[in-house]
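Subject: Structure for you to look at

Dear colleague,

Here is the structure I said I would pass on. Please open it alongside this message; my notes come after it.

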Amino acid sequence: MSKLAELSATYRSRLNRLFGRWWRKQSPARQDRFATIGPLLSVLMFLAAITAASWYLRNEEIERTAEALRRDTEVAQQQIRLHLIENQEQLVRIARELATRDITTSDFLDQAATFQRERPAVRRIAWITAQRQVRASQELMGFAPLVATDGVKTDPSLPAQGQPIDAEFTFQAARDSRQPVYSHAFTDAAGVPVFQIQVPLIDRGNFNGVLAIDYGIEALLRHHVPPEVTRRHSIAVLDSGGRTLTSTVTAMPGQRSSPPSLSYELPLAPMSNGLVLKGMGYRTSVGLIGSTLFWMVVALSVLTVWMLLGTWRHVRRRAQIQGALVQETNFRRAMENSMLTGMRAMDLEGRVTYVNPAFCAMTGFSEDDLVGGRPPFPYWPSDRIEENSRLLQQELQGRSPAGGIEVKVMRKDGSVFDARMYVSPLIDPKGQQTGWMTSMTNITEAKRIRDQLSASHERFTTVLEGLEAAVSVMSVQHNELLFCNRSYRLWFGADAQGHSLLASSAGDSVFQTEDDEDVDNLSGLPTHPLTETSTQPHEVFIDSLQMWFDVRSRYVQWTDGRLAQMLIATDITARRRVEELARQQAEKASVTSRLITMGEMASSVAHELNQPLTAINNYCNGMVSRVQAGSISNDDLVAALQKTGRQAERAGQIIHRIRSFVKRSEPQRQAAQAKDIVEDAVELAGIELRRRKVNIHTYVAQRLPTLHVDPILIEQVLLNLLKNAAEAIDGARMPPTRRHIELRVAPRHTAEEGGVIEFSVTDTGPGIPEDVLSRLYEAFYSTKADGMGIGLSLCRSIIESHRGRMRAQNQYNGTHVTGCRFAFTLPVDLSQRAEAPPVPEVPDEAAAANPNAASS
């Protein structure tokens, strides 16, 4: 032991000698610094040891609590997850039955009630069709959707096309993915936070709607989190934004709940919809083991450190103040030297006391040349000394305008530039005025640009004044006419009435202001989107001028920032008159075509009328002979007279039908049935077909929607196509087996045209050459020797005026042409058919066997 003591004493002495040698080598300033830092380091090391021990013990406690919280949160997640997966499987089975079986609404409501009764977290089960209509809905007792003040029922749980709500987004996702989709959390019509699962109804690959189920988040948490978990920890559900939707612990009214010491978050699987299950725990022990002792040590340590640092602060404060003063002076000098605006200071007598480098750079004079100088200053042009002296006196008297003074400044080299000077009082720290501070800016380039803009505006105004169209701009807020060109003033004068008349007639409008001028009706108006959009052109008739205008409008931002409406109205009166003349000529051509058609059918009509007239003659001669011979009874006489009357009625019907067809009248659209149009056209065409020995088979689909057309014009088109088909068959001298025409009327629906009714005329003639097909609808082009070439061109014009389309194509059997098919479509609204879905089209082979088919 004595040897160890000797060794330790030896080492201590050596350390003392080394430390004493190092200490003596230090300067007194360093010795003072080390003397202050030594106690400070000792106190900090002691405090660090106490803190480390407390931190270690506290971390052990936190880890145990965090592990328990993690287990409980995972148990709650698994319970909710198993419940949702089980419900999803059951819902998929129900959705499969709804899609594949004919289940009534009452059966669905029974299933939904059973499902909801066993699952208290389910607030609503709704059967929604593909058109977003609720076919049936089972809701929680006492739950009813809210009703808005305008009487329209609003329910965020139901999808609505075009609405940015979670139910609509989930509906689209389920329709596209064909899989069950969970929605984000939202508040339902009763104000309860819910989320939704939508299961698609798929039948043979077709989307028939969804089965939508609303889960109440609070009920889900209350019924499916084990009680032993909620007794130990608080469980909450958060949305994607971190907002708490519901929790197992609710704060007292008016009090804020303390933040949890520990928390653990897990996604609320299997939804992947942003909901998070958050477990929260609270420590029951004190923050630090032996906190009284710890804080006493901390307090003593802080007191010691504060006293040591106080000494340092007192010594360093003076050095810091001196350094800050130097830094502030340098900063102000650097800022003044970096300014692009020239600064000049004068005393109250007009003597220059300061100029910055920018002022010297602008004028070309040095600081020595300017400081201390009196007027006239060297940068005053020689021809403006008197004017500048007057401005200087005005400046010294404090009467300079707030907007500055525009002056001419001469550089040292003799060049002159334009400048604007702003004058303000120079106030010292005591609040006393010691002179005037002047800032000078070179505005030569800005003035040049302003002059160019002024010239450009003048040229632009000249162009607008020379336009033949009326251009006007009106303020949206105050209905004030901001601009109008010469054409506008010529037609409407210089007031805003003409602009308002054009805007209202074109279907647009100018915003009206309130009577209270303090109210800004356009605050919050999206000006930028308005100025980027433009309306469609409209044709407007002004009765007072008896003129037609093509009006185009858009919103612009005026030069002062106000929102304005600009109108450009072009005179189209001459064009409208030409179009009206062309329309009248087309009507005349239509009547002429019908007359030509009946002229070509004259011999057939005469033959058709000859039959009833011959029968009438024979009946009359027979009755006269038998009456004279006294060999006819009253019954036979009445029967013969009835037959004579029927033949006369038949002849009258033929004449009436021909007169109605060729009668000239204005085109008049009206509700018409396709079946009636076909019957009238076939009756007229039957005369020509029987003369040419051509059979016709007609098929008209049942339950067709009502057409809104001019039946005489459509009948004219059908008659022309039937007549052309008969002439093609007869001209080619087809055998009896190929002398027939098929007329079909059936509904169609295409992505390009939508819902239409298609009329088709198919013949068994020689077809149309390919070079003729390309010129088939040209006016005055005909393949007939005596044809005028207006038939098909007029037919196409009639169909296109009804917003339909006309097509022609040859029919082939391999490479052999077996006939030609002409078809045209007329648009309809298929939603008007209230009876049943469209009847499937009857195959071509079954057309002749259809009971509605007629043959002649």
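The notes below cover a sheet, a buried strand and some salt bridges. Please keep in mind that this is a predicted model.

**The four-stranded sheet**

An open sheet is built from four strands, in the order β8-β7-β10-β9, with antiparallel pairing. Its edges are β8 (244–247) and β9 (262–267), each of which pairs on one side only. On average, neighbouring strands here are turned by 25 degrees against each other, direction ignored.

At the β9 edge, six bridges join β9 to β10 (residues 276–281) in the antiparallel sense. One pair to look for is P267 with V276, its bridge partner in β10. Helix α5 (residues 217–224) lies across β7 (234–238), β8 and β10, and runs at about 35 degrees to β8.

**A buried strand**

Strand β11 (residues 342–347) has six of its six residues buried, so the rest of the structure largely encloses it. In a regular strand, side chains alternate between the two faces of the sheet. In β11, G342, R344 and M346 point one way, while M343, A345 and D347 point the other way, and all are buried. Note that R344 and D347 are on that list of buried residues.

β11 has two antiparallel partners that I looked at. With strand β15 (residues 433–442) it shares six bridges, and M343 stands opposite S439 there. With strand β12 (residues 352–355) it shares three bridges, and M346 stands opposite V352. The hairpin of β11 and β12 has four residues between the strands, and G350 takes a positive phi near 95 degrees in that hairpin.

**Salt bridges**

How many salt bridges does a search of the whole structure find? The count is 39. As background, side chains of opposite charge can pair when their charged atoms come close. Three pairs are described here one by one.

R124 and E139 form a salt bridge, with the closest N and O atoms 3.0 Å apart. R124 belongs to strand β1 (residues 122–129) and E139 to strand β2 (residues 134–139), so the pair ties together parts that are 15 residues apart in sequence. R124 is buried, at a relative accessible area of 2%, whereas E139 is partly exposed at 26%.

K412 and D369 also meet through their side chains, at 3.8 Å from N to O. K412 sits in the loop between β13 (405–410) and β14 (416–427), and D369 in helix α9 (residues 367–370), so this pair ties together parts 43 residues apart in sequence. K412 is exposed, with a relative accessible area of 54%, and D369 is partly exposed at 38%.

R805 and E752 form a salt bridge whose closest N and O atoms are 2.1 Å apart. This pair links distant parts of the chain: R805 is in strand β26 (residues 805–813) and E752 is in the loop between β24 (740–750) and β25 (754–763), 53 residues apart. R805 counts as partly exposed at 38% relative accessibility, while E752 is exposed at 60%.

There is also a network of salt bridges that links E406, K408, D418, R420 and K447.

Regards

Definitions and conventions
Residues are numbered from 1 along each chain as its sequence is written. This is a predicted model: local features need pLDDT of at least 70, side-chain atom pairs count only at pLDDT 80 or more; totals for chains, interfaces and linings use all residues. Side-chain values use heavy atoms; hydrogens and water are left out. Two strands pair if DSSP finds at least two bridges between them. Axes are lines fitted to C-alpha atoms, for helices over the stretch in contact, and angles run from 0 to 180 degrees between N-to-C directions. Contact means heavy atoms within 4.5 Å. A salt bridge is a side-chain nitrogen of Lys or Arg within 4 Å of a carboxyl oxygen of Asp or Glu. Buried means under 20% relative accessible area, exposed over 50%, partly exposed in between (1.4 Å probe, protein chains only).
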